[in-house]
Amino acid sequence: MDKQTLSFQAEVKQILHLVTHSLYSNKEIFLRELVSNASDACDKLRFEALNNAGLYEDAPNLEVRIAFDKAAKTLTITDNGIGLSADEAVANLGTIAKSGTREFMSKLEGDQKKDAQLIGQFGVGFYSGFIVADRITVESRRAGLPAEQGVRWSSEGSGDFEVETITRPQRGTSVILHLREGEEEFLTAWKLRSIISKYSDHISLPILMQKEEWDAEKQEQVVHDEWAPVNKAAALWTRSKSDITPEQYTEFYKQISYDTEAPLAFTHNRVEGRSEYTQLLYVPAKAPFDLWNRDKRGGVKLYVKRVFIMDDAEALMPVYLRFVKGVIDSADLPLNVSRELLQESRDVKAIREGSTKRVLGMLESLADSEDAAERAKYAAFWKDFGAVLKEGVGEDHANLERLTKLLRFASTQADEGVSFADYLGRLKEGQDTIYYITADNLAAAKSSPQLEIFRKKGIEVLLLVDRVDEWMLSHLYEVEGKSLQSVAKGSVDLGKLQDEAEKKQAEEVATAFQPVLDRLKEALKDRAKDVRVTTRLVDSPACLVVEEGDISGHLARLLKQSGQSAPKTNPVLEVNAEHALVKRLESSPQFDELANILFDQAVLAEGGQLEDPAAYVRRVTALLTA
C-alpha cells in the first residue's frame, strides 16, 4: 500500500480538541492509557493463541517497552501483542471512540469472557497521547501476517491521518509520540518510572525500560542497552490470601496510605455474582489530622483490571467511613470516556453497599470478640474514630441497626465503652426507657443537676459529650424497642420506677408551693418559659430543662460556636421546693433578685454562659452584704 491520506470519521477536529484540552484533568494520564492499550494487545494475543500457538512466532514472552529519545523529542511505547493490520489501523485509529477491545469482547461468548483479561470500554484512550504530542506515529504488524504487511499510521490530530505499508519484522505495535514544546519532563526516566509506579504498577505484564547509570566523568545519566522491569507486575489483592503474609499486608497498607504504623485491622475478599470485584480494605490505627474535614476527598483506590483509575473513589465508600484505606478492583464498572469519573450505576451502588457491610463486619468482629486483645483494639478504634462512625446513624439508614450496636458511650456507671447492649442488660425492673444527657464534656455531664434523681434511684444514664451526638440523636429514636429520653427535656416520668407515695408527695408539694411559683413566673417572665416544682432534683436548688421538641441548650451553644443562629426559645426553670435557698424565697424582701440568681445558677450548672455576667455578680454581692 502506497502512502494514503485519509480523513477521520466524525467531526474529529473538534473532538480531538476536546480530548486534548478538556477530557483529562492531568497530563500524565496519557501514559496510563497507552500502557493499558499495550497490555490489552498482549491479552488479546494470549487469548487468540489458545487456538493458534503460532501467533507467538519467535517471541513467547509478552511485554511492554517504554523508551525515549531526548534529541528527537520522542517517547515510544512498544508491545509485542496482537498488533494491527492495515485495515484495522484505518478502522480502529481513524474513528473516535472506536474501541477494538470492545468489539473483541463482543465476539466472546459464555465463560470465555471470564478468561479474557481485557480492559475494554475505553474507546478514546489512544487519543490522549495528543495531550502531550503534536504528532503521533503508530507502527504495527498483526501477529500471523508476514513482515512485509506492517503498517505505519500517523497524524497531527488535525482532521487527517496518513497510512502506508512498511516492513516490520517484529509483531505488535509501537506508538511514537512526538512531544510538543514544553513537555520535556516526559523525556526523563525518573518521571516515566514514577507515572508507571503510580498508575500501572500492578499490570500483570512486565513494563521494561532501559537501565540508566550516573557517569561521573560526563556528569550525566547514561542509558544502557539492558532492559529492566519498572513495575512489580503482580497485584497483591489478586493473590490468594493463603499466599500473603501479615507482613506483606502491612507493607502494602503503608505503601498506599503513607502511614508509618501498622493498620488496626484489614479485610481481603473476592466478591462474585452480578458484580465481580476484589476488595482489600484497612482500618488505620490512628486518626489522620484531617479526619474532621468532610470536604476532603476520601475513599479507596479504584482499579479496573489491575489498572489504577483514581486515588479517592468517594462513590465506593460512604463519607462516614472516610478513614478506610485500601483497594477495590473491578472489571466492569461504568466509567466516562476519560476513565477518571465514576458514573452512578447499580454496579457502583452494589460495590459501595458490599464494601460498607464488609467494613462494619470487620469492626463487629473486633467489638464482639471473646479475645480481650481484639476488644481492646476496638476500644482504641472508638477513641479515635467513634465520633465519625456516629455520622453513619443519620447517613446510612440501611445499616442503622448494625451501627447502633457498634456505638459506645460513657455513663454514670462507666467513663467509656458502654454499649446499648451493656445498658439494656442493666435496666432496672420496670424501666422501659434509655436515659441520656448531652453536655460539652464528661465533667459537665457528670455534675449536671438533672442526674440527681437518677443517681438516687440507681438508674444508669448515658453521658453523650461528642459534638455530633445531638445530630445523631435526631435520627435515633429507639433501640430494641426502648425509647431514648433526654433527662434534660420535658418532665421526668419514671413510670414504674417511682412509687405512688412519691408521686402523691410531689403533687402535694407542687400544690402548696404554687403561690411561690406564680411569683417566680412573674419575676422571670422574660427569661423562663415556665417555672415548676421539680421531680428530678435532690441536692440542687434549681435546674433548666427544655420542653419536648425544643432545641436543647447544649445544641444551641454548638450552633452558636459554629457561627449559626439557633431558634430563640426560653427554657423551663425547675426548682427544688425542699431546698433551703428556695424555701428562703417566700419570705425574702429581695424576691426578684434572688429569683434571678437562682436562674443564673441553673444556667451555669448546665454549662451555659450568662448573657449579663455583671448583673449576676452585682446581685450576689448585694445578697452577701445585705
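This report walks through a helix pair, the nonpolar cores and three buried residues of the structure. The model is predicted.

**Helices H8 and H9**

Helix H8 covers residues 346-367, and helix H9 covers residues 372-389. Their axes come within 8 Å and cross at roughly 135°. The crossing angle lies between 115 and 145 degrees, so H8 and H9 count as oblique to each other. On the H8 side, the contact is made by Leu 363, Leu 366 and Ala 367. On the H9 side, these meet Glu 374, Arg 375, Lys 377, Tyr 378, Phe 381 and Leu 389. By type, the residues of the contact of H8 with H9 are 6 nonpolar, 3 charged and no polar.

**The nonpolar cores**

In soluble globular proteins, nonpolar side chains tend to be buried together. Here, the largest nonpolar core holds 66 residues. Which of them touch the most other members? They are Phe 323, Tyr 378, Phe 381, Leu 389, Phe 420 and Leu 462. H8 supplies the largest share of this core, with 8 residues. Another core, of 62 residues, lies apart from it. Its members include Ala 38, Leu 55, Ile 77 and Val 132.

Phe 420 deserves its own look. Beyond its neighbours within four places in sequence, Phe 420 is in contact with Thr 404, Leu 407, Phe 409, Ile 434, Leu 462, Leu 476, Val 479 and Leu 484.

**Three buried residues**

Asp 329 sits in strand E14, residues 325-330. Thr 278 sits in strand E11, residues 277-283. Along the chain, Asp 329 and Thr 278 are 51 residues apart, yet 5.2 Å separates their C-alpha atoms. Ser 588 belongs to the loop between helix H19 (580-585) and helix H20 (591-605).

Are these residues buried or exposed? Buried means under 20% relative accessible area. Ser 588 is at 11%, so Ser 588 counts as buried. Asp 329 is buried at 9%, and Thr 278 is buried at 7%.

Each has a polar contact from its side chain, listed here.

| Residue | Partner | Distance |
|---|---|---|
| Asp 329 side chain | Trp 237 side chain | 2.7 Å |
| Thr 278 side chain | Arg 270 side chain | 3.2 Å |
| Ser 588 side chain | Gln 590 backbone nitrogen | 3.1 Å |

Thr 278 has further company. Not counting residues up to four places away in sequence, Thr 278 touches Trp 237, His 268, Asn 269, Arg 270, Val 327, Ile 328 and Asp 329. Trp 237 is thus on the contact list of Thr 278 and is also the polar partner of Asp 329.

Note on methods: Residues numbered from 1 in each chain as written. Predicted model: local features only at pLDDT ≥ 70, side-chain atom pairs only at ≥ 80, totals over all residues. Heavy atoms only, no water. Axes fitted to C-alpha atoms, helices over the stretch in contact; angles between N-to-C directions. Helix = DSSP H or I, 4+ residues; strand = E, 2+ residues; numbered from the N terminus. Parallel < 35°, antiparallel > 145°, perpendicular 65-115°, else oblique. Contact = heavy atoms within 4.5 Å. Nonpolar A, V, L, I, M, F, W, Y, C, P; charged D, E, K, R; others polar. Core = buried A, V, L, I, M, F, W, Y, C linked by side-chain atoms within 4.5 Å. Buried < 20%, exposed > 50% of the residue type's maximum accessible area, 1.4 Å probe, protein only. Polar contact = N/O pair within 3.5 Å; in protein donor to acceptor, adjacent residues only side chain to side chain.
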